Amino acid sequence: QVQLVESGGGLVQPGGSLRLSCAASENIFNFNAMGWYRQAPGKQRELVASINVGGVTDYADSVKDRFTISRDNAQNTVALQMNALKPEDTAVYYCYARILRYHNWGPGTQVTVAS
């Protein structure tokens, strides 16, 4: 069992940037994967970005070239740098970690992109 806590959400104008951070309660070195999902009102939860133990990343087509996921093993954190934000990026963003067959989720942080 691992606890995940997101931070960094908020209100930003279209075209602006936010940096989300996910802090894990234990060492993330051997986590199979960590990443970010999001869920907007009326929509299914979707994968935004992920990074595995080898540092290989994956991104949703809608955020490629705008978002960057990174990992800091010393701080037990995973960050999501979000640039050129669009109103359609508005959602609750959830940190997740996969450890073997176990899937862990943070409580989420709200990101709102609006003028």
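1. Gly35 is a buried residue, with a relative accessible area of 0%, and it lies in strand β4 of what is a predicted model. Leaving aside neighbours within four places in sequence, Gly35 is in contact with Ala49, Ser50, Ile69, Tyr94, Cys95 and Tyr96. In strand β5, the residue standing opposite Gly35 is Ser50, and the C-alpha atom of Gly35 is separated by 6.0 Å from that of Ile51, 16 residues apart along the chain.

2. Strand β4 deserves a closer reading. Six of its seven residues are buried, so β4 is largely enclosed by the rest of the structure. Six bridges join β4 to β5, the two strands running antiparallel, while β4 and β9 are paired, also in the antiparallel sense, over seven bridges. In the pairing with β9, Tyr37 stands opposite Tyr94. The hairpin of β4 and β5 has six residues between the strands, and within this hairpin Gly42 takes a positive phi near 75°.

3. Arg38 is another residue of strand β4 that a reader should look at with care. With a relative accessible area of 5%, Arg38 falls under the 20% limit and therefore counts as buried. When neighbours within four places in sequence are left aside, Arg38 is in contact with Gln44, Arg45, Glu46, Val48, Ser62, Val63, Phe67, Glu88, Asp89, Ala91, Val92 and Tyr93. Ser17 is 21 residues away from Arg38 along the chain, and the C-alpha atoms of the two are separated by 16 Å.

4. Where do the two ends of the disulfide lie in the chain? The count of disulfides comes to one, formed by Cys22 and Cys95, whose sulfur atoms are 1.9 Å apart. This pair links distant parts of the chain, with Cys22 in strand β3 and Cys95 in strand β9, 73 residues apart. The torsion about the S-S bond of Cys22 and Cys95 is about -80°, so the disulfide is left-handed. Cys22 counts as buried at 0% relative accessibility, and Cys95 is likewise buried, with a relative accessible area of 0%.

5. Strand β8 takes part in two of the pairings described here. β3 and β8 pair in the antiparallel sense over six bridges, and six bridges also join β7 to β8, which run antiparallel. Thr77 in β8 is the bridge partner of Ala23, and Thr77 is also the bridge partner of Asp72. The hairpin of β7 and β8 has four residues between the strands, among which a reader may wish to inspect the backbone at Asn76, since Asn76 takes a positive phi near 55° in this hairpin. Five of the six residues of β8 are buried, so this strand is largely enclosed by the rest of the structure.6. The largest nonpolar core has 30 residues, and those that touch the most other members are Met34, Trp36, Leu80, Met82 and Tyr93. The elements giving two or more residues to this core are β3 (18-24), β4 (33-39), β5 (46-52), β7 (67-72), β8 (77-82), β9 (91-99) and β11 (109-113). In soluble globular proteins, nonpolar side chains tend to be buried together. Not counting residues up to four places away in sequence, Met82 touches Gly16, Ser17, Leu18, Leu20, Arg66, Phe67, Tyr93 and Val111.

7. Which residues line the largest cavity? The structure holds one cavity of 30 Å³ or more, and the volume of the largest cavity is about 40 Å³. Its lining is made up of Ile28, Phe29, Phe31, Ala33, Met34, Ile51, Asn52, Val53 and Arg71. Strands β4 and β5 each supply at least two residues of this lining. One of the lining residues, Met34, is also among the core residues that touch the most other members.

Note on methods:
Residues are numbered from 1 along each chain as its sequence is written. This is a predicted model: local features need pLDDT of at least 70, side-chain atom pairs count only at pLDDT 80 or more; totals for chains, interfaces and linings use all residues. Side-chain values use heavy atoms; hydrogens and water are left out. A nonpolar core is a set of buried Ala, Val, Leu, Ile, Met, Phe, Trp, Tyr and Cys residues joined through side-chain atoms within 4.5 Å. Buried means under 20% relative accessible area, exposed over 50%, partly exposed in between (1.4 Å probe, protein chains only). Contact means heavy atoms within 4.5 Å. Two strands pair if DSSP finds at least two bridges between them. A disulfide is a pair of cysteine sulfur atoms within 2.5 Å. On a 1 Å grid over the protein atoms alone, a cavity is a set of points where a 1.4 Å probe fits but cannot get out, and a pocket is an open set with protein on both sides within 12 Å along at least five of seven lines; lining residues have an atom within 4 Å of a point. Grid points are joined across faces, edges and corners, and a volume is the space filled by probe spheres set on the points.
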